[in-house]
Amino acid sequence: MKTTFFSAVLFIAAAFGWQASAQTYDTNNDTVQTFAGYGIPGYVDGPSQLSAFSSPSLVVSDTASNLYVWDSGNARIRKITANGTVSTFAGGGASFDGYGTNVSLGWGTVGAMAIDHANTLWLVIGGGYYNNSSFSYLVTVDQNGLVSIANGGLTNLTSASGICFDSANNLYYTGGNRVYRYSPGSGSVQPLAGSGIVGYYDGQGLLFSAFYNPGALTCDQANDIYVWDSGNGLIRRIDQNQNVTTVAGVSGYSYNNFDGVGTNAYFSGINSMFFDNQGNLYVVTSSCVRKIDAQTNVVTLAGAFSQSSFANGPGYQARFSDAIGGCFSQGMVFVADANNNRIRSISFNQPSKVIPSPSLKLNTYPGLQITGTIGRTYQIQSSSDMNNWNSLGLVLLSSSPYLWIDQNPVSGTKFYRALLLP
């Protein structure tokens, strides 16, 4: 009877579109903190939590551990150094191309941002007033802040397209129920997978695979492309032979969230995906961050499926609101938490480290024990030759004997004495 009753409840929930959820939290003592932004919408550069953002939505990291944030409410790219210093990298000007803050980035909708292996930023900007066109454009920003229109009007490129790079700096993007490969050097575009017709089937290449509104993309160390197939609620993988396989998710249950293993896990939505250097795949949803390991075990790193708010702390207590972008850097996960106007960090158990000997210094701090009269004042003096004495300060005895410690490390020979003052 219990089994029958439970099944009936799940059937009713599915029929009416109610959301069911079951979370399993990661066991690596994940901790969420605010890395930058003080939570109130604004535009302020400066030290980490004294800075201000307005709906930051995308974040990537370069090879020097600098973060680049698409600050959508301010239509600027903000740079955050590893120590948390925030500056404006590009945007806020009037030109369509040029350098840094002389350039406008608010002429269309920025839907995706990625960074290539030369540390050049790439943005997808769609449907703006540039060239009186409704096309979506690839816009680049190099490490000197030079902003350029790289390409416009690529087949099926829209502001909803996801983008990523492989190790050869080929760019991949989604659109038209397909995944495309674009070569920035030659300008060639090649459909990689998907028939272009709405559907779901795994297989090889264009004729034998199908997607339904694919979105976010990422690439692993083997140059396999991972696709959030949003209409099917699945994470799919495309290898370099164009074979498409389903990695995680249950097709047709996109209103549910469940942690689990591979195709027993449920995803209701994914805004961005990225890998760490251990082969773990992270997915950012509006209110939580989830992790998929190499064995396709799906767990929640931080946040809650059904609660959107703000809280720092252990992963199970932390809360996000409209978290969109994410990346891995400095051994941590960083999340662009749009509604909270903050960049959040998620750190893990850090193993104990032995400090190398060049970073260690042994200091000697001598102590002087005074046996005297409680309530009386003594002057402490020191000398290197017992002829010339220097005063180091006064001590009011609160106990006897009383231990006084020299706060300066001693090198060489040093003598001490105490004088009882009248």
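Which residues does Asn102 touch, not counting residues up to four places away in sequence? In this predicted model, the answer is Gly93, Ala94 and Ser95. To find Asn102 on the screen, look in the loop between strand S8 (98-99) and strand S9 (109-115). Asn102 is exposed, because its relative accessible area is 52% and the cut-off for exposed is over 50%. For another bearing, try Gly153: Asn102 and Gly153 lie 51 residues apart in sequence, and their C-alpha atoms are 25 Å apart in space.

Now zoom out to the whole protein. Its secondary structure consists of one helix and 36 strands. The protein is more spread out than a compact globule, because its radius of gyration is 29 Å, well over the 22 Å that the globule rule gives for 422 residues. You can follow the C-alpha trace along its principal axes, where it spans about 100 × 70 × 40 Å.

What about burial and surface? Of the 422 residues, 48% count as buried. The protein exposes about 19700 Å², and carbon and sulfur atoms supply 50% of that area. Among contacts with a separation of 6 or more, 46% come from residues 24 or more positions apart.

Finally, let's visit a pocket. The second largest pocket holds about 160 Å³ of space. Eleven residues line this pocket, and the closest to its centre are Asn277, Gln278, Phe328, Gly331 and Phe348. Sorted by class, the lining has three nonpolar, seven polar and one charged residues; Gly is counted as polar here.

Definitions and conventions. Residues numbered from 1 in each chain as written. Predicted model: local features only at pLDDT ≥ 70, side-chain atom pairs only at ≥ 80, totals over all residues. Heavy atoms only, no water. 1 Å grid on protein atoms, 1.4 Å probe; cavity = no way out; pocket = protein on both sides within 12 Å on 5 of 7 lines; lining within 4 Å. Points joined across faces, edges and corners; volume = space filled by probe spheres on them. Helix = DSSP H or I, 4+ residues; strand = E, 2+ residues; numbered from the N terminus. Rg over C-alpha atoms; globule rule 2.2 N^0.38 Å. Buried < 20%, exposed > 50% of the residue type's maximum accessible area, 1.4 Å probe, protein only. Contact = heavy atoms within 4.5 Å. Areas by Shrake-Rupley, 256 points an atom, 1.4 Å probe, with all protein chains shown as cover.
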